[in-house]
Structure formats: structure tokens, C-alpha cells
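Colleague: Could you take a close look at one part of this model for me? I am new to reading structures, so please go step by step.

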Amino acid sequence: NDRAQQLASALEDLAESLDDLSGRAEEISRGMVAAGALAGQDLPPEVAEAGWSRRVLTGSGELARHSAALFRSLDHGLPDEESSAMRLGNALSGVAGDAHALLELVPRFPAGHAATNIAADAERLLVLGETSADHALDILGFRGERTHLVLGQDENELRPGGGFIGIVVEVTLQRGMITHTKFMDSYDVDRDLPIGLWRSAPQSFLTATGSPVMPFRDQNWDADFSQSANSLRTSYLTATNTLPYLIVAVNRPAIAGIVDALGGVRISSTGSVLSGASVRSILLATGAPSETSGGGWRTESRKSAAEVSEAVLSRLRDGSHLDLPAVLGVLMDSVKAGDIVVSATDDQGKRLYELLAVDGSVPAMTGAAFYWVESNSYAGKTSRTVDRVLEQQVQPRDDGSAEVRLTARYVNREHGQGSCVQPSLAPNPPCYWALVRLYLPEGLEDVRPGALPTPTGAMAAGRLGGTPDPVAMAIASVAPGRRALEVSAFFAVPPDGTVE
């Protein structure tokens, strides 16, 4: 609370200073014109007028004032009563309106002008401010009730979307207040839905698992999370008759970091206070909960993840001693690390999350670029025990083309011995089963998988279709005891291609 209040006070002081400066608009304008003339950089006519400086200074002061009100409205966490919710909504509306008004004042400088980059940076920040505040009004339910999904993922069972979906949290907001929460095991989302209504599996999933349908819990399958989110959203609507507005996928490190930023959370069932380190530990727990522990959770870690999620939401609503800047810092770090990705239904939200690089989308492939997509398929949650090295070797040819070999080398740091067999055929040592998919752009030649060291009884691997399906796929097992395993693939680049 202290740092948020200090920031709010600083913004209020800034607003007062800008108000004072607006009274000297004519003096400021004359100084700007003189400075431009000395530098041989004439200002656009509207910028040279005192009225423009006054409007910019006054508008900037209002933006600082509404930003301060926004921090103060979150002083005690998310609103829990109508009056505090109204203050939050008014502050967001003010920020959006002020940013929009200032955007209309951003001048257009001629090419090569010294202020061109400054104006462009100001425009980008104002667009971000207006879009963020306006979108926040939507997701917080100020324009109608909004229901969002938070997917608790376990990156120890690696999936393209981050990790296997263990728990699902449904959160409903109206006028800035949380009005409903629901915590589910991912298996329960479509458990009662007839299998005929489940999503048909893409060829890669069918080859990997032998299943012609794909349940909700496996639908962060696509390398591009924005595509996975579309599938998850549709399946959730089919199973529950609820269309999620946002889908937020969160991995364990982000949850632990948020808990630390909150100064710990209290678990309601036990009364114990957990730190981020404690959360990291308990979310690694395995095995089914006892009958006395309650709930229908398939594993202890999922039950714990639900309790931690509930405690985090409770802490955000309570707001006492809430270090909002620290929480925002953890969220930003988690986004950079890929431990939080967000998908929105509306066009404004999609543009915003793409701009913030938080939507989990992947850039289009060009030239001979490629995506090597790995998932932990079957057996234990052992992704964290495996070291990986990806190598690319290019052999030029006389005709200007080139042959490219991609090799992924895996080493399992787990202790143990024994051969790895497909889990459905026999019990396993702590093997890591890597499902590898290779995506390539159109126009490459002679694409083929290399040696695929799958054990006896393993599923088939080999060439599939073209985009959007992978062109090659393998299911390989990495035995424990630091034994290395290699998976490779080859393709040729035509003379006019490039290797990236």
C-alpha cells in the first residue's frame, strides 16, 4: 500500500506542476519556437501556438490526476462494495478519455525533424494507455458481466501452451467486483459431456496418443496459444454453456512469484501461511488426495493449486498491506518468461495483448525458419529433469541450395536404470517421453525425419502433412541416468531460399 500511495502522491504533485506550467503556456511556446529556429527545425503551426501548449499541459495534468485516482482506488485491493467500484470505474474512464484527448494533439512533424521520434513514442504510449484503460473497463465488468477462465498449468509436463492444464478457475466480475468463483479439476470440465461432442483430434494428436478426440485438458496443443484458446473457449462453451471472455494460462513460477509479492497467502482449510517457496514445493506433490481431504481432485498438487488460487484471489480482494507495484512487477516478469499468456475474445483485447506480447502467438515463418515443438507425452511429470540442446547444421551444395540437419539432444538427469517402453504396455522407470513436432514453411524440399530412436512398442513416427500440421513428428523416450538421446530431421533449402 505504501508504494502505491507514494506513486499516487507523486502523480498528484506532477498534476499540480503541470497546471502551474499551463499558466505559462505563451512563454513556453515562445521558447519552443526560438529553440526550433536555432536548430533550424521549424515547428508545425499548431505547435507554435500557445493554445496547443496549454491544452497539452492541462490534458497531461488530468491524465496524471486520473492515474493517481486509479492507484488510490486499488489501495485496498479489488473493490468489494459499490462506492469503491465506482471510483475505480471513474478513474479508468478518466485515463482512457484523457489519453484519447492527448492523442488528438500529437503533432505530425516533417520527415527528418528532431522531434519525430519523440512524437511517435508519445503516440505509442497514449494508444497503449487509452486501449488498456478502455479494455480494463470491459474485463472488470463495467460494461456487463464478464466471466474469465484461469488455467493452472504444470510445466513439469511440458505442453506447447506452457504445461499440462491441471486446474481451471472460473471468475466472474461485475462492475469491478468478483461475484462468482469456481474451481475445477481439468478432467471435470467435459467429464459429463458425450464423447461425440468432444473436439475431433488433429492428426498430430491422433498419432501421438491414438485418440480420435481431444478433451478440454489437452487443448493447449497448438504452438500458437491464440489458436489453442479458440479451441478451449469453444469446448468450454459446449461443456458448460458459458463463453469465457478472457482465457489466462498461468504456470507454477508465476503463481509462486505472485504469492511472494503478496507477502504470502493463508490457506483457509488449514490456516497455514504459505510463501512462494512453499507454493513451489507443494505444487510438485503427486498422488491422489485422501478421502478426508475433500473434493474430487485427481492429484494432491491440483487440490493444492486450487487452494492457493483461492487464497490469492482472497488476498487481492482483501488488499491489506498490498504492494501493488510489486505484484505488477511479477506479472510483467512472468509475461516476459512466458509463464503467463492471455487470450481475449474482442478485437481490442486481441490487439492489446499482441502489442504487449502476452497473447502467446508465434510469428509467421519466413525463408527456411522452423518451429521445433516439444511436449511431454505420457508417464511422469519429468520435463524439468531433462537438459536439451538444439543444433542446426547447414551443408551448402554446388547448385546454390543447401541441406539442413536439425538435431535435438536430450539428457535425462533423473537417477534410475531400465529401458523405456510405452506407458500403456508396461510400468516405467522415470523416463521422459518427448513428442517432437517440426513445423516448416512451404517451398522446402526433401523433408524427412532422421533416425527416430523409439523403443520397441512405441508409436509410429514420420512424415505427416504440410502446414498447419507438422511435416515430421517423433515420439522418443529419454531414459534416466544421464544417457543422451538424439532426434533429428533433414530438409533442403532451394537456391533462392534462406536459412534462419
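Where does Arg175 lie?

Modeller: Happy to help! Before we start, keep in mind that this is a predicted model, so local features need pLDDT of at least 70, side-chain atom pairs count only at pLDDT 80 or more, and totals for chains, interfaces and linings use all residues. Residues are numbered from 1 along each chain as its sequence is written, and side-chain values use heavy atoms, leaving out hydrogens and water.

Arg175 sits in the loop between strand 2 (164–174) and strand 3 (177–185). Helices (H or I, at least four residues) and strands (E, at least two) are DSSP runs, numbered from the N terminus. Although Arg175 is not a glycine, its phi is positive, at about 50 degrees. Its relative accessibility is 32%, so Arg175 counts as partly exposed (buried is under 20% relative accessible area, exposed is over 50%, and partly exposed is in between, with a 1.4 Å probe and protein chains only).

Ala357 also has a positive phi without being a glycine, here about 55 degrees. You will find Ala357 in the loop between helix 13 (347–355) and strand 10 (371–376). With 56% relative accessibility, Ala357 counts as exposed. A glycine joins the list too: Gly263, just after helix 9, takes a positive phi of about 80 degrees.

Helix 9 itself (residues 252–261) is largely enclosed by the rest of the structure, because eight of its ten residues are buried. The buried residues in helix 9 are Arg252, Ala254, Ile255, Ala256, Gly257, Ile258, Val259 and Ala261.

Now let us move to another loop, the one between strand 5 and helix 8, where Asn220 has its place. Asn220 has a relative accessibility of 0%, so it counts as buried. Setting aside residues up to four places away in sequence, Asn220 touches Gln153, Arg159, Pro160, Gly161, Gly163, Ile165 and Ser228 (a contact means heavy atoms within 4.5 Å). Leu232 is twelve residues along the chain from Asn220, and the C-alpha atoms of these two are separated by 7.5 Å.

Aromatic rings come next. A search of the whole structure turns up three aromatic pairs; rings of Phe, Tyr and Trp (its six-membered ring) pair if their centres lie within 6.5 Å, and planes under 30 degrees apart count as stacked, over 60 as edge-to-face and the rest as tilted. For Phe205 and Trp221, the ring centres are 4.9 Å apart and the planes stand at 85 degrees, so this pair is edge-to-face. It links distant parts of the chain, 16 residues apart: Phe205 belongs to helix 7 (residues 203–209), while Trp221 is in the loop between strand 5 (213–214) and helix 8 (225–240). Phe205 counts as buried because its relative accessibility is 3%, and Trp221 counts as buried because its value is 6%.

Another pair is made by Phe216 and Tyr236, which is tilted, with 5.9 Å from centre to centre and 50 degrees between the planes. Phe216 lies in the loop between strand 5 and helix 8 and Tyr236 in helix 8, so the pair ties together parts that are 20 residues apart in sequence. Both Phe216 and Tyr236 are buried.
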